[in-house]
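I wanted to go through this one with the notebook open and jot down whatever I looked up. Here are the entries, in the order I made them.

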Number of protein chains: 2
Amino acid sequence: MVRPTMEDVALRAGVSRALVSLVMRGSPKVSEQRRSAVLKAAEELGYSPHAMARSLASRTSTVLGVMVSDLHNSFFAEVVDGIDEVAHQQGFELIINTGGRSPARERRALESLLSFRPAGLILLSPVVPATSIGKAADQLPVVLVARSSRISTVDTVNDDGEVGARLAVEHLVSLGHSRIAHLDGGEGSQAGPRRRGYVAAMESHGLAPQVVTSEYTDVAGARAIRRLLAEDDLPTAIFSCNDFNAVGAISALEDAGLRVPEDISVVGYDNTSLAALRHVSLTTVDQPRAEFGRLAASALLHRVRDDRAEPVRHLLTPSLVVRTTTAPPGGLR
Amino acid sequence: MVRPTMEDVALRAGVSRALVSLVMRGSPKVSEQRRSAVLKAAEELGYSPHAMARSLASRTSTVLGVMVSDLHNSFFAEVVDGIDEVAHQQGFELIINTGGRSPARERRALESLLSFRPAGLILLSPVVPATSIGKAADQLPVVLVARSSRISTVDTVNDDGEVGARLAVEHLVSLGHSRIAHLDGGEGSQAGPRRRGYVAAMESHGLAPQVVTSEYTDVAGARAIRRLLAEDDLPTAIFSCNDFNAVGAISALEDAGLRVPEDISVVGYDNTSLAALRHVSLTTVDQPRAEFGRLAASALLHRVRDDRAEPVRHLLTPSLVVRTTTAPPGGLR
DNA sequence: TTGTAAGCGTTATCAC
DNA sequence: GTGATAACGCTTACAA
């Protein structure tokens, strides 16, 4: 269980350590003969370069740190795919860490990531206070995904929640709905833009907005519906703050003997894998997640290289995915 | 954007670098006066220790590498929670990396993790060949989760799929079912034990097993059901290889005008968050995921400390979670 | 209790 | 092309 060093490889190949270093980094100025001898020795010894000794000596890092606020949410998995694609293509590696949805654990995760002295940091929907982000940004380039910031040294990548909400409303209006309620995400991240977009879209059609306070979970969605049911105040269509909330709403509606979409239409947000399940088949707003990741990685790598000053603010346009939970209101068919 | 070093802190506090090192590591043999001076200087400079320089100098590591084969699967998120709990409690940090379900990308992830020279490695359901795992295990302690191995130097943590399958069958039999089909996971990891457990349980009740080839996805589950439907060969209960498959099956059954559980019962496997959704409410087999993580971390840390030789093979007992997709067969009510 | 100096595995500079 | 030698940021005897 002893890990070989460059020295061991050099010894076995009968060359100097510096030569091994050159070979490992693919330098062209090494004779073919020595190169293969070194490679052979390395292979036999099971040698692989020590990333941190390398970065220590070279004063550079090819590592990008990624903090995922919630590993349970597959939304982030796709963003990571996008990051990985660009990073790898440009010769960078990722180290990931998770905040487990708790600010305390997230702080730890951040500290830990920082202690590896990566070239840059991508924070996916962080919940730590802005000051922590600012401190990190003093030390290295930072990009935020699914969270906005006014710090002038950090770049951000977000979807345009107002546009997404408008897409949902337009779709329902074009189907003939006029009583459309929004189950909102309360204090949740990005809930504000979605709510504002909904209200603006309703008003632009001369319709009365009906915002129902809710949360980003299926339990909350069901609860909101039961409340509407109890007040006998049910609209003909529901626009939920996210897919989980929408699925909870559908569940509560079906429990009450209502059919979706015949009696009432439902639209979600996020286009999670849940929405795509045939059993659910939810009409929803899709965010270009992999694109989030690609843009975040590109922005970060630019900053890593250029030390650029002006912040980048990507605001991506979401799109609507129509499935089978929306239809014209019952009365119109 | 320049990151301070220990030297900077020492200079500012008017002490030697070694003294700063002692303070940073919480040594008791430092005068209170100097300690606070050092801490103050560090704070002002925004200094935090360089993890890898530290591990290079001390020839030890407090980092555990975790390779997650598929970040999209929330199963792993809970395992990571368990790992994180134990690791943190014992003063270790995690660096996570993902294989993106592809052997090539997983190889990269492994290389990358190894290049940080962590104290040990936990591989969650890896798809790389056993030889790659063996090579890694030559260099540092390795624990496998949700994958078995015969390599004598690696520890493994798995659930007992045979027991899980038996639980599902027993439940259905006790409800009065005798025609129970298994939609199996084909070549998928852990599909074998589940299939064997199903067959054994059926036979021990004198029932004829009916194994239908399928896969770990909802599309495959739906397809398998349509095949059974076409052959007019539908049992009164289905035991799916996992939750996704089960949800696909339910979907296809409902499309065919059959009600679950009135006409046919369905049991899944894994107890994913999907199964718990009210809208789905799937009876399923639960694996103690966080416990997987805790045991994996404990086993690894033991090996890290003791250099122990005998491999640990944890085989955890799953449990059944009864929800609303199972009921007595229609004829019996 | 504090400082000095050597060394961890690597890269970089500079002669040869 | 190749090989010494001095960093990189830190820990760790050992000395003071």
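Before anything else, a note on labels: the helices and strands I name are DSSP runs, numbered from the N terminus, with at least four residues for a helix and at least two for a strand. Also, this is a predicted model, so I read everything below with that in mind.

**Entry 1: cis peptides.** With those labels I could place B:P261, which sits in the loop between α11 (243-255) and β9 (265-270) of chain B. I checked the bond leading into that proline, from B:V260 to B:P261, and found it cis, with omega near 10 degrees. Then I turned to chain A, where a cis peptide bond joins A:V260 and A:P261, at an omega of about 10 degrees. A:P261 belongs to the loop between α11 and β9 (265-270) of chain A. I flagged these since most peptide bonds are trans.

**Entry 2: a backbone oddity.** Which residue has a positive phi although it is not a glycine? I noted A:R117, with a phi of about 50 degrees. I traced A:R117 to the loop between α6 and β3 (120-124) of chain A. For context, most residues other than glycine have a negative phi.

**Entry 3: the two chains together.** How much area do chain A and chain B bury between them? I got about 5500 Å², with 54% of it on carbon and sulfur atoms. The contact draws 59 residues from chain A and 58 residues from chain B. Between the chains I have 9 salt bridges, and 27 residue pairs are in polar contact, both partners at pLDDT 80 or more. On the chain A side, the elements giving two or more residues include helices α4 (51-58), α5 (74-89) and α6 (103-115), as well as strand β2 (93-98). I also sorted that side by class: 28 nonpolar, 13 polar and 18 charged residues. One salt bridge I looked at joins the side chains of A:D84 and B:R108, N to O at 3.4 Å.

**Entry 4: a helix pair in chain B.** I looked at how helix α1 (residues 6-13) and helix α2 (residues 17-24) of chain B pack: their axes come within 8 Å and cross at roughly 105 degrees. Angles of 65 to 115 degrees count as roughly perpendicular, so that is what I call α1(B) and α2(B). From α1(B), the contact uses B:M6, B:E7, B:V9 and B:A10, and from α2(B) it uses B:R17, B:V20, B:S21 and B:M24. By class I have 5 nonpolar, 1 polar and 2 charged residues there.

How values were computed: Residues are numbered from 1 along each chain as its sequence is written. Chains are lettered from A and ligands numbered from 1 in the order in which they are written. This is a predicted model: local features need pLDDT of at least 70, side-chain atom pairs count only at pLDDT 80 or more; totals for chains, interfaces and linings use all residues. Side-chain values use heavy atoms; hydrogens and water are left out. Contact means heavy atoms within 4.5 Å. Buried area is the accessible area (1.4 Å probe) that two parts lose on being put together, summed over both. A salt bridge is a side-chain nitrogen of Lys or Arg within 4 Å of a carboxyl oxygen of Asp or Glu. A polar contact is a pair of N or O atoms within 3.5 Å; within protein, one must be able to donate a hydrogen and the other to accept it, and residues adjacent in sequence count only if both atoms are side-chain atoms. Ala, Val, Leu, Ile, Met, Phe, Trp, Tyr, Cys and Pro count as nonpolar, Asp, Glu, Lys and Arg as charged, and the others, Gly among them, as polar. Axes are lines fitted to C-alpha atoms, for helices over the stretch in contact, and angles run from 0 to 180 degrees between N-to-C directions. Angles under 35 degrees count as roughly parallel, over 145 as roughly antiparallel, 65 to 115 as roughly perpendicular and the rest as oblique.
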